[in-house]
Amino acid sequence: MAAPPEGAGELRILCLHPFRSHAASFKGRLGSLQKRLRGVAALEYLDAPHLLPLWCAPTDGGGEPRPPPGGGGGRPPAPRRAWLVTPDLLAAQPELRAAFAGDAGGGAPAPGCQAAPPGAGELAAQTAGWEVSAAAIRGALSAAAAAGRPFDGLLGLSQGAAAAALFAAEQQQAAQAAQAAQAAWPALRFVVLASGFVPAAPELAALLAAAPPVSLPSWHTWGAAADGAGAGGDRQVAPAASAALAAAFGPCAATVVHDRGHLVPGAVAAPLRAWLRRSRDSPSAAAALLLHASAAAGSPNDRCAPRGMDVDTPPPWAELPPLVWAAIIRGLPHGSCCAAAATCRAWREHALAALVAAPVLAVELPTGDAASSFGCWLSAHGHRLAALDVTDCFFVHRPRRGAARIALAPRLRLLQGLHGGGRALPALARLSLRLDELSPTETALLGAIHAPALRELELRSNGSVIGPAGAQGLAPLTQLTSLVVPTQSLGDQGLLAVCSSLVSLRRLDLHNDGHLSDDACTSIARLTTRLTALDIQGSISVTNGGMAALAGGAGAAGLRELSIGWCPSVSDWGAGRLAAALTRLTSLNLSATGVTLDPGGPLLARLSGLSELRVLRLDRLPLRGDALGALAAALPGLADLGLAENRALASLDELRPLSALRGLTALRLAAAAGLAEPPPGWDGGGLGLSALARLELGQGGVLARAMDAPDAGAASLSALLSPMTALTALDAAGTLGSWPGGGGRGAAQAAALVRALGPALRELAVSAAAGGAAPPAACRSTPAFVDAALSEIARELEPASSAPGGGGDALLPRAASMAAVRRALPGLTRLVLLPPRAGREADPDGAVTWAA
C-alpha cells in the first residue's frame, strides 16, 4: 500500500515545556528538532497554567539578589510556568497573576524572587495543581479539533513529559469507562516523553501504576547516568525515574538513551523521525490515513485488497493480535470504521465487528473517499442493517473549517452500495439520508433499492430541486408508510407523482417546500390511503382553497397530526373548514397563519369540536388574554400550548385564563417579549400553572426581565418559578447576560435560576442573549465553552469552590462543576448549554449537551 506523499500528512504534536520554562522558550530549544522532523511532524506549544516566582541570582558582593535579564528594551522577563507546583505556590497563584499583570503594564517588578536556583530534588516537591493543568491541555485539544486541525500526539520534556503521561493515562481510563463519546477531540495516537518521571504525588503515581499499562504508543528518551567524573548525565531526573515512566507504558514502549543530559538532543532526531513516520504511515494510525488506504481499495467483494497487492497475499497487518485490533478500532468513529472495512479483508473482519453487531448505524461522511468506501461496505454488509442514517459532512457544516462538498460520483457509489450487487436488504426498515443538494438521479437510485421491509424514508438536503423526475424515481417504494422530504422542492407535480404511487403512506412531511400550492392539497386529498400525519408548514402559496380541498378529501379524513404553520394566506375560514372535517386531530399547528381566534368567532366554535386535541401551536399570533380565555373554554383538554413570539401579551395576568386548562403540562412562551416581570408580592400560583412539567421562556421576555432585577433577579425568579412545583424541564435559552468570560452577569443569573428551580427539575437549557458581548475566542463554539460556563455557574452556586491553586478565575474541573450544579438540582439529568452567538450570526456548532 502506498504511503501518503511526504509532507501531505504531517502529524500535529502539542509540546509541553519543562518545569520553570514557558512555550516560547521551549520552542527555541526544540528549533533544531523541528527542522529535522519537517515533512513528518509539526510542533506547536502550550503554556502551563501555573506561574512561578522569578529566580534572582545573588550579586558578587553579597548584596541584594539581582533580577534576571528581561526581554530587551526594558521589558520584564517572561513569567516561568509549571504543570505541577508545591501546595504553597498553588495557593499563591492569584497574587502571582496580579503581580505579573502589573509587570505587563509597567508596574512593580515581578514578585517572589528566590535567592537560590532550583535544586536537583526540587521537581519531586511539585505535587499539586494537576486538575488545572489537565483542563488547560483539554482546552487546547478541543480548540484545535473545533478548528479542524486536531492534534495527533503530545511531546513533553521533564515535568512536561510527566504531564503528557498523566494525560495519556486519564484518556485510557475514560475510554475504559465508556466515556470516550464525551470527548471533544479525537483520541491521542501517541506520546513522546523526554527525561520524564512518575510524579511524587501518590494519587498521580497511582494513575500510572494502575493495571493494565497505558496502551498508547509511546517513545521515550533520557540521558544516561553520569560517568565517574560526574559528566555527561542527566542531573535533574535520574535515568531510573525515566525508565520507570517508560515501564508504565508496557513492553511496547520505544526507548532511546543518549549521553547529552537533561534535554532533547539532535542525536535522537533520526530515530524519532523514523518512529513518527511508522506511526503516521501505519494503517492503524487514524481516520485520515484509513481513508487514504480505502481510496486505493480494489473490488468490493470478499477478496478485496489494496491495488498493487495480490488478492491472495495477506497484507502485512493481517497478523496483528486481536487486542491490538481492538485498541485500533475502539477510537475510530463509524465513518472511519466503514472506510477501514473497505480496505481489505483483514480490516473488515475487525472493523465491522463493532458495526455489524448493532442493527442501527449512523455515519457522518467527511470526504468523497469515505463515501465510496462506505458504498463498498454496504455492498457486502448492508443486508444486516435494520436502520441506516447517513450524513454528508458538508450538509452539516457547509464550507466551514474546510469542509468540502462530496462530488456526485462518490455519492452515486454510496447509493449503489445500497443495491448490494443485486442482493436484497431484507431487514432495512428505516433509511435517513442528509446529503447536500440531492439530485433527481440519486433519488431514482433510491427507488431501485430492493428493501421489502423499508417503511420509513427521510431525505434531507440543502437547496435541491427533486421535482417530478426525482419523485417518479421513488415510485417503486410502494411499501413506504412514512416519507419525510423537507425543503426538497417536490412541487405540485412531484407531489402528485408521490401520491399516485406511494399508496401505503401514513405520514407525509413536506415542510418548507415553497413550491407547493393548493393543487398539492388536492393531490393529498385524493390519496386512496388515509394519512395520519401531514406537515406542509412553510408552504406560503397554500390558501383557504387548499384547506377546503383537504377538508373534503378522503386522504386527509383520518389525520391525527396536522401542521399548516407559516401559511399566511390561511385564515379563520380555512382553518375552520379543517376543524369541522378533521374531528380526530390530536395535534394542530396554526403558527404564523392569518388566523385571529376572535372570541365568539366561528373558528373557536369549530375548534371546540376537537375533543381529542391535546397539542396546539399558535406561535406568532397576536393573542391577548380574552382570546386565551375563549380558547381555554373551547379546548379544556389541551396539554401542550405554544404561544412563542407572541408580542401582544403585555403582562403575566393575561395568562390567568389558562388556569381553566387543568391538564396543561407544557407551555411555550419563548420570545414573548411583551411580558413584564412579576410585580412585587405577585403570587405565581394564581396562574393555575402548578401542573406544568415543561416551560419555555427563552429568547427574552419575562424571564430575561426578571433576571435583570438586582441580585440577578433572584426574588423575581422565585416568585415566577417556585409555585411550579411539578416543573421538570425549563428552556431559558437566550435570557442570560454575557457569559462565560464576557464580563456580563450570565453566571450569576444562571445560578439564581438554578436556585429558584425545584428539586424535581430534570432538563435545563440556558444560553446568553444574542447580541451581547462576545466571549473570549477560546470559549466560542467549542467544549471549552462548556467548561468555562459550568465553572462560572458552580462558583456562583458555591463561592467556596475553587480549583486547587487556580485562583478566582481558574477553571474548575468539569466533574466538580457538574457536582455543584447537581447539589442544587439533585434530579437534573440533562443540561443543554448553547454557545453564545455574536449578533445575528448563528453559532455553527449548535448546542453542546451534557446528559447525566
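# A walk through the model

Start by selecting Asp 518, Cys 521, Thr 522, Ile 524 and Ala 525 in helix H21, then add Gly 545, Gly 546, Met 547, Ala 549 and Leu 550 in helix H22: these two groups meet each other. By kind, the residues of this contact are six nonpolar, three polar and one charged. Please keep in mind as you look around that this is a predicted model.

Now show the two helices as ribbons, taking residues 518-525 for H21 and residues 544-552 for H22. The axes of H21 and H22 come within 8 Å and cross at roughly 5 degrees. Angles under 35 degrees count as roughly parallel, so H21 and H22 are roughly parallel to each other.

Keep H22 on screen and add helix H23, residues 572-581. Here the axes lie 8 Å apart, and the packing angle is about 10 degrees. H22 and H23 are therefore roughly parallel to each other as well. To see where they touch, select Asn 544, Met 547, Ala 548, Leu 550 and Ala 551 in H22, which meet Trp 573, Gly 574, Arg 577, Leu 578 and Ala 581 in H23. This contact divides into seven nonpolar residues, two polar and one charged.

Next, pick Ser 591. Where does Ser 591 sit? Look in the loop between strand E17 (587-589) and helix H24 (602-607). Is Ser 591 buried or exposed? Buried means under 20% relative accessible area, and Ser 591 counts as buried because its relative accessibility is 1%. Show side chains here, and you will find a polar contact of 2.8 Å between those of Ser 591 and Asn 589. Setting aside neighbours within four places in sequence, the contacts of Ser 591 are Gly 565, Trp 566, Arg 617, Leu 618 and Asp 619.

For the next stop, turn to an open sheet of six strands, paired in parallel in the order E2-E1-E5-E6-E7-E8. Strand E2 (41-46) and strand E8 (254-258) form its edges, each pairing on one side only. Follow the sheet across and you will see a twist that averages 20 degrees from one strand to the next.

Within the sheet, zoom in on strand E5 (residues 153-157) and strand E6 (residues 190-194), which run parallel and are joined by five bridges. Select Gly 156 and you will find Leu 193 of E6 opposite.

Finally, bring in two helices. Helix H5 (residues 130-146) packs on the sheet, where it touches E2 and strand E1 (11-16), and its direction makes about 155 degrees with that of E1. Helix H8 (residues 239-247) lies across E6, strand E7 (218-223) and E8, and runs at about 175 degrees to E7.

Definitions and conventions: Residues numbered from 1 in each chain as written. Predicted model: local features only at pLDDT ≥ 70, side-chain atom pairs only at ≥ 80, totals over all residues. Heavy atoms only, no water. Axes fitted to C-alpha atoms, helices over the stretch in contact; angles between N-to-C directions. Helix = DSSP H or I, 4+ residues; strand = E, 2+ residues; numbered from the N terminus. Parallel < 35°, antiparallel > 145°, perpendicular 65-115°, else oblique. Contact = heavy atoms within 4.5 Å. Nonpolar A, V, L, I, M, F, W, Y, C, P; charged D, E, K, R; others polar. Buried < 20%, exposed > 50% of the residue type's maximum accessible area, 1.4 Å probe, protein only. Polar contact = N/O pair within 3.5 Å; in protein donor to acceptor, adjacent residues only side chain to side chain. Pairing = 2+ DSSP bridges.
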